[in-house]
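Walk through this model from its overall make-up to a few chosen elements. Keep the structure open beside the text.

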Amino acid sequence: MVNNFATLLHNIKSKKSNKLLTNLYFITFASFLCTFFYLFGLWHHYPSTTVISATGYSTTTATSATGASTCFQHDNSNTTEAKSSLSPSPPPSSFIKLDFTASHNLPDPPPTTARVSHLPPCDTSLYEYTPCEDQKRSLSFPRKKLIYRERHCPLPEEILRCRIPAPFGYRLPLRWPESRDSAWYANVPHKELTVEKKKQNWVRFEGNRFKFPGGGTMFPRGASAYIDDVGKLINLKDGSIRTAIDTGCGVASWGAYLLSRDILTVSFAPRDTHEGQVQFALERGVPALIGILASNRLPYPSRAFDMAHCSRCLIPWGQHDGIYLTEVDRVLRPGGYWILSGPPINWERHWKGWERTKESLNDEQDSIENVAKSLCWKKLVQKGDLAIWQKPTNHMHCKIKRKIFKTRPFCDEAQNPDMAWYTKLDTCLTPLPEVENIKEVAGGELSKWPKRLTSIPPRISSESLKGITSEIFEENTELWKKRVSHYKTLDPQLAEHGRYRNILDMNSHMGGFAAALVDDPVWVMNIVPVESEINTLGVIYERGLIGTYQNWCEAMSTYPRTYDFIHGDSVFSLYQNRCSMENILLEMDRILRPQGGVILRDDVDVLTKVKSIADEMQWDARITDHEDGPYEREKILVAVKQYWTAPQAEQ
């Protein structure tokens with residue numbers, strides 16, 4: 001029994017000793033492996049070091065593992081100098097340059113490539129496609145009164161379901177005010193005007209840019225000097241003139257140079273043989289639309305503009321019973337001015353250069369004078385190449401004259417003077433609102449700019465707009481200040497002073513969004529959809545802002561890549577069950593510049609559908625909470641259109 005116990009004890013001790021020996025071997029081996037792989041890792045991470053000598057040439061030297069503990073600091077030449085005393089310091093004339101690039105990576109896709117989806121890029125040749133002013137389609141319409149140059153939109157089955165490409169080499173426009181005088185050639189690759197209007201100094205081509213010297217057919221000394229001449233005849237400085245319209249604008253130099261005088265001009269011209277007139281204006285950062293006076297009213301409300309202008313715009317003002325000048329009267333505010341330069345003004349001096357007879361020019365001027373009288377306009381002055389008429393502030397005297405002379409009749413009171421979407425022109429005179437005495441301004445006197453922006457518009461104070469009171473207007477103004485401030489936290493580009501220039505508001509209501517941006521170097525084209533319950537575009541103009549009517553089931557009368565930023569408040573809710581959400585978004589994509597921004601506010605269910613389509617169009621989009629918090633059903637979609645262009649043409 002004793003022997004067995006001793007044997008058992010001996011075996012236990014022997015096993016314990018073997019186990020200890022085994023553990024010792026394991027620990028030693030593990031320590032060896034850890035040390036080996038640690039040193040191997042250091043050697044693999046620092047196989048060599050590039051040393052830049054004082055002569056500027058590079059050599060390769062070995063580096064010890066202790067170099068891993070060296071601290072580095074950047075100097076102004078983007079080199080890295082060893083500072084730590086824990087490792088050997090390089091020679092004073094040498095610098096160590098580290099390579100931080102990844103050992104393995106996949107190449108990024110080309111930044112100019114369009115992603116193909118069920119909304120693919122359109123053909124490269126369509127980079128300037130304007131659906132409702134398509135030249136091929138227009139040729140099927142009558143040439144009489146230039147009807148073929150008006151809006152003629154494609155049928156639903158003809159609408160393109162693809163994304164309009166930017167031309168190869170497209171660049172973001174220069175920032176304002178530099179853009180007023182220059183634009184990239186790659187963005188508007190048309191040199192026709194540099195040849196046709198070379199002597200008139202409209203535009204020049206230099207290197208990779210177009211230059212706009214500010215010249216014009218009737219202002220050889222430049223638009224600024226021309227405006228100075230106008231300012232000697234009427235007051236352009238006291239804020240009484242804020243909104244203007246330029247018919248047949250060319251490259252819109254008149255409107256461009258009025259901006260420095262706080263006068264905001266809507267410039268328009270048809271899409272004709274002078275390629276890119278309106279497109280040049282928009283590249284310059286100047287408000288403009290494609291348009292023409294033909295058979296339909298201009299898409300603006302009555303009493304909108306303080307001043308109208310025509311500088312050799314080639315509109316036959318005296319013909320067709322003065323129908324075109326009658327339309328100018330409709331959109332001109334009481335007391336507003338009409339300025340005419342070019343034929344037939346000062347024909348006694350210019351008739352030979354115009355290659356016309358004295359008799360024809362004299363007859364043309366007489367016909368214009370007679371139309372102006374039938375509109376009850378007063379000719380203020382004719383000096384040199386300028387003639388200026390003024391519309392009366394009310395129609396009290398005009399109505400008396402109608403009873404005596406039986407001249408141009410007033411339009412029927414049942415006609416809506418603010419209806420101007422495919423509304424036919426008429427030769428009748430649009431009556432001004434009634435007044436109680438001869439000194440009163442029909443419709444209400446407007447405040448001078450900038451007070452006009454926040455003053456109660458006469459259309460609201462007179463209670464002519466159902467459901468909109470002065471209190472609602474003031475609350476709306478403050479609301480949009482808050483909203484725009486919030487937008488700038490969501491879109492850094494909107495917050496960046498000068499990043500955006502051309503801005504579109506798709507559903508402007510009373511223009512509160514544009515008013516909140518008045519101190520930024522931007523202009524806003526305010527849209528009042530024709531489907532809106534209340535027509536508020538007249539209010540927007542009374543605030544000293546500009547805009548137009550639009551049906552978003554159709555394309556807008558503007559070129560691709562017109563706007564840097566698009567805003568929309570409840571647009572898609574408004575057009576539910578009216579037309580395709582996809583078509584509206586494709587139109588937005590057409591008129592938005594690459595890298596342009598979008599902010600839409602709408603019901604969360606609507607915006608979820610919008611985002612799914614925006615993703616297909618290569619927009620970087622996200623949905624965020626309402627500025628009042630996450631419990632509001634209304635949300636905000638923020639998006640940026642990715643940069644991509646048409647591929648480079650094969651040589």
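Helices (H or I, at least four residues) and strands (E, at least two) are taken here as DSSP runs, numbered from the N terminus. On that basis the chain has 18 helices and 22 strands. The model is a predicted one.

Start with confidence. The mean pLDDT of the chain is 87. A value of 70 or more is reached by 84% of the residues. One stretch stands apart for this reading: over residues 46-95, pLDDT stays under 50. The model has 61 contacts beyond four places in sequence for residues 46-95. Where pLDDT is low, the predicted coordinates should not be read in detail.

Now the chain as a whole. Of its 651 residues, 50% are buried. Its accessible surface comes to about 32700 Å², and carbon and sulfur atoms hold 55% of that. Take the contacts with a separation of 6 or more: 67% of them link residues 24 or more positions apart.

Turn to the N-terminal helix. Helix α1 spans residues 2-45, and F36 lies in it. F36 also belongs to a nonpolar surface patch of about 640 Å². The other members of the patch are F29, F32, L33, F37 and F40. How is the spacing of such positions to be read? An α-helix has 3.6 residues a turn, so residues three or four places apart point the same way. F36 counts as partly exposed because its relative accessibility is 43%, and partly exposed means between 20% and 50%.

Helix α7 offers another setting. It covers residues 323-331 and is mostly covered, with nine of its nine residues buried. The buried residues run from I323, Y324 and L325 through T326, E327 and V328 to D329, R330 and V331. Charged letters are thus on the list too, among them E327, D329 and R330. What covers the buried residues of α7? The cover includes strand β12 (305-311), strand β13 (332-341) and helix α9 (358-374).

Finish at strand β20, residues 592-603. Of its 12 residues, 10 are buried, so β20 is largely enclosed by the rest of the structure. Which strands pair with β20? Strand β19 (residues 563-569) runs parallel to β20, joined by six bridges. Strand β22 (residues 634-641) pairs with β20 in the antiparallel sense, over seven bridges. R601 shows both pairings. In β20, R601 is the bridge partner of D569. R601 also stands opposite I636 in β22.

Technical notes:
Residues numbered from 1 in each chain as written. Predicted model: local features only at pLDDT ≥ 70, side-chain atom pairs only at ≥ 80, totals over all residues. Heavy atoms only, no water. pLDDT = per-residue confidence, 0-100. Contact = heavy atoms within 4.5 Å. Patch = residues over 30% accessible without salt bridge, like charges linked within 9 Å, V, L, I, M, F, W, Y side chains within 5 Å. Areas by Shrake-Rupley, 256 points an atom, 1.4 Å probe, with all protein chains shown as cover. Salt bridge = Lys/Arg side-chain N within 4 Å of Asp/Glu carboxyl O. Buried < 20%, exposed > 50% of the residue type's maximum accessible area, 1.4 Å probe, protein only. Pairing = 2+ DSSP bridges.
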